[in-house]
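Hi,

Here is the structure I promised to pass on, with my notes on the sheet and the helices below. Have a look at it first, then read on.

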Amino acid sequence: TNQGEPKFNPDGTSYTEPWGRPQNDGPALRVITLVQFAKYLIKNGEKEYVLNTLYHPSLPARSVIKIDLEYVSHHHNEPDFDLWEEIKGEHFYTKMAQKAALSMGASLARTLGDEGSYSWYSTQAKNIHNKLEEFWDDETKYIHSTINRVEGIDKPTRLDSSVFLSVLHSGKVEEVFDYGNPQILSTVERLITNFKD
């Protein structure tokens with residue numbers, strides 16, 4: 001299946017009518033959740049279950065975490081729809097989830113002896129980190145929620161709550177914007193000021 005597909009029919013087939021697609025935050029968010037679960041299982045002596053069910057190192061990927069990591073690592077440079085399903089472009093929220101997923105996936109790959117994937121996922125996570133820096137606007141003093149809009153609603157201010165939601169949903173991962181980051185705090189302050197009235 002297409003990992004970026006946002007909508008499915010009750011029988012599991014893809015919804016093929018017009019819709020905002022792809023939505024690439026989903027695969028990344030699944031990885032964030034399932035890697036935490038896999039690490040819990042490994043800590044509790046269930047490494048074989050993780051290798052057989054959640055993350056098998058083989059390619060082509062055939063386990064849920066590996067499938068999503070491969071999708072994220074090969075599609076993070078492509079425009080997609082934001083979490084509100086309104087704008088196609090590059091989104092801070094999606095990039096944060098992708099960066100966190102690849103960092104966490106790299107760590108899991110190393111734990112499971114998959115050094116080639118560790119290297120690939122780590123490199124892609126660094127590439128996304130560099131891209132995240134482009135969302136900061138020195139003039140407005142906040143992080144733009146979307147850059148390089150392709151289609152969808154035009155939000156001229158690009159100020160959106162999805163920026164702080166990205167911090168909450170991506171977890172604590174090295175080199176990711178976190179709760180105390182001055183740029184995140186400046187963005188939150190700007191959102192509060194804009195909604196005060």
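β1 and strand β2 (residues 87-91) are joined by two bridges and run antiparallel. Keep in mind throughout that this is a predicted model. In that pairing, D80 sits opposite G89 of β2. Step back and you get an open sheet of three strands, ordered β1-β2-β5, with antiparallel pairing. β1 (80-81) and β5 (146-152) are the edge strands with a single partner strand each, so one side of each has no neighbour in the sheet.

G89 turns up again from the β5 side. V150 belongs to strand β5, and its C-alpha lies 5.1 Å from that of G89, although the two are 61 residues apart in sequence. Not counting neighbours within four places in sequence, V150 touches P79, K88 and G89.

Now the helices. α4 (residues 92-111) lies across β1 and β2, at about 50° to β2. Two other helices pack against α4, and I'd go through them in turn.

First, α1 (residues 25-43): its axis comes within 8 Å of that of α4, and the two cross at roughly 30°. With anything under 35 degrees counted as roughly parallel, α1 is therefore roughly parallel to α4. The crossing is left-handed. On the α1 side the contact residues include L29, I32, V35 and I42, and α4 brings, among others, Y93, A97, M104 and L108. Sorted by class, this α1 to α4 contact has 13 nonpolar, six polar and two charged residues.

Then α6 (residues 162-170): here the axes of α4 and α6 are 8 Å apart, at an angle of about 15°. That makes this pair roughly parallel as well, so you can view α4 and α6 as running roughly alongside each other in direction. The handedness of the α4 and α6 crossing is right-handed, whereas α1 passes α4 in a left-handed one. From α4, the contact uses F92, Y93, M96, A97 and A100; from α6, it uses S162, V163, L165, S166, V167, H169 and S170. These divide into eight nonpolar and four polar residues, with no charged ones.

One thing to look for when you open the model: which residues of α4 appear in the contact with α1 and also in the one with α6? Y93, A97 and A100 are among them.

Cheers

Note on methods
Residues are numbered from 1 along each chain as its sequence is written. This is a predicted model: local features need pLDDT of at least 70, side-chain atom pairs count only at pLDDT 80 or more; totals for chains, interfaces and linings use all residues. Side-chain values use heavy atoms; hydrogens and water are left out. Two strands pair if DSSP finds at least two bridges between them. Helices (H or I, at least four residues) and strands (E, at least two) are DSSP runs, numbered from the N terminus. Contact means heavy atoms within 4.5 Å. Axes are lines fitted to C-alpha atoms, for helices over the stretch in contact, and angles run from 0 to 180 degrees between N-to-C directions. Angles under 35 degrees count as roughly parallel, over 145 as roughly antiparallel, 65 to 115 as roughly perpendicular and the rest as oblique. A crossing is left-handed if the near helix is turned anticlockwise from the far one by less than a right angle, and right-handed if clockwise. Ala, Val, Leu, Ile, Met, Phe, Trp, Tyr, Cys and Pro count as nonpolar, Asp, Glu, Lys and Arg as charged, and the others, Gly among them, as polar.
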